[in-house]
Amino acid sequence: MTLENLKESSKIIKSIIEQMVRLIETTDTSLLYKKPSEEEWSLMQIACHVNEAVEFWVADLEALLIVPGAKWGRNHEHVRRLAAVEDNYVTSVSKEQAITRLESLISLTEQALGKVKAEDLSKTAPSYNPNFDGKPLSFLIDHLIIKHIEGHLGQMERHLEKVQYQNS
């Protein structure tokens, strides 16, 4: 990843978030909270997860810019990650709140990425997740923010197809 790629990253993140927002805006509210199966998240759970995850990874990114080499990250059992998709929490989040929070991720990521210098991209640090240990800062941006939300956009689209089919 180069500084030029980083500028493009902000555009990609904005586009993905805007697609998520359009999907939520145009979906009947009752379908947002419907799970395709017991094992799958509802569309609103996916939105809540994206909000929490991007906020988490952006905070780690900014912290690593201040304290390079500090231990960063988490695993799938992190309490905030789990709480963000808990049914009791998700049902308390309105369609409008989810949209507002998603939209706020655009400026949050733009501001954070704007602080990154070319030399920061290759810096490495230990991680609480052994799979990410020693990965460069560019990995956090590309994999844990961009590819992560991109994957969840696809998950939202597949989810919506399933619940619309079940409702017909």
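What volume does the largest cavity have? I looked that up and found about 80 Å³. Before going on, I noted that this is a predicted model, where local features need pLDDT of at least 70, side-chain atom pairs count only at pLDDT 80 or more, and totals for chains, interfaces and linings use all residues. Residues are numbered from 1 along each chain as its sequence is written, and side-chain values use heavy atoms, with hydrogens and water left out.

**Entry 1: the overall fold**

I began with the secondary structure and found seven helices and zero strands. Helices here are DSSP runs of H or I with at least four residues, strands are runs of E with at least two, and numbering starts from the N terminus. Along the sequence the pattern reads α-α-α-α-α-α-α. The radius of gyration is 17 Å, close to the 15 Å of the globule rule for 168 residues, so the protein is as compact as a globular protein of that length. For the record, the radius is taken over C-alpha atoms, and the globule rule is 2.2 Å times the number of residues to the power 0.38. I also noted the span of the C-alpha trace along its principal axes, about 55 × 30 × 20 Å. Of the 168 residues, 43% count as buried (under 20% relative accessible area; exposed is over 50% and partly exposed in between, with a 1.4 Å probe and protein chains only).

**Entry 2: helix α3**

Next I turned to α3, residues 43-66. I found 18 of its 24 residues buried, so the helix is largely enclosed by the rest of the structure. Its length agrees with expectation: at 1.5 Å a residue it should span 34 Å, and its end C-alpha atoms are 35 Å apart. The expected span is 1.5 Å times one less than the number of residues.

I picked Val 50 as a residue to follow in α3. Val 50 is buried, at 1% relative accessible area. Its C-alpha atom is 7.5 Å from that of His 152, although the two are 102 residues apart along the chain.

**Entry 3: cavity and pocket**

Back to empty space. Rolling a probe the size of a water molecule over the atoms shows where such space is left. The search uses a 1 Å grid over the protein atoms alone: a cavity is a set of points where a 1.4 Å probe fits but cannot get out, a pocket is an open set with protein on both sides within 12 Å along at least five of seven lines, and lining residues have an atom within 4 Å of a point. Grid points are joined across faces, edges and corners, and a volume is the space filled by probe spheres set on the points.

How many cavities of 30 Å³ or more does the whole structure hold? I found one. The largest cavity is lined by 13 residues, with Leu 64, Lys 123, Thr 124, Ala 125 and Leu 137 nearest its centre. Helices α3 and α7 each supply at least two residues of this lining. By class I noted eight nonpolar, two polar and three charged residues (Ala, Val, Leu, Ile, Met, Phe, Trp, Tyr, Cys and Pro are nonpolar, Asp, Glu, Lys and Arg charged, and the others, Gly among them, polar).

The largest pocket has a volume of about 220 Å³. It is lined by 13 residues, and Trp 57, His 76, Phe 132, Leu 144 and His 148 lie nearest its centre. The elements giving two or more residues to this lining are α3 and α7. Its classes come to four nonpolar, seven polar and two charged residues.

**Entry 4: salt bridges**

I counted a salt bridge wherever a side-chain nitrogen of Lys or Arg is within 4 Å of a carboxyl oxygen of Asp or Glu. The total is seven.

Lys 123, seen above near the cavity centre, pairs with Asp 120 at 3.1 Å, N to O. Lys 123 is partly exposed at 38%, whereas Asp 120 is buried at 8%.

Lys 115 and Glu 62 meet at 2.8 Å, N to O. Lys 115 lies in the loop between α6 (95-114) and α7 (137-167) and Glu 62 in α3, so this pair ties together parts 53 residues apart in sequence.

Lys 14 bridges to Glu 18, with the closest N and O atoms 3.1 Å apart. Why are these two separated by about one helical turn? Because they are four residues apart in helix α1 (residues 3-25). Both ends are partly exposed, Lys 14 at 35% and Glu 18 at 31%.

**Entry 5: one more look at α1**

I closed with Arg 22, also in α1. Arg 22 is partly exposed, with a relative accessible area of 47%. Its C-alpha atom and that of Glu 103 are separated by 11 Å, with their positions 81 residues apart along the chain.
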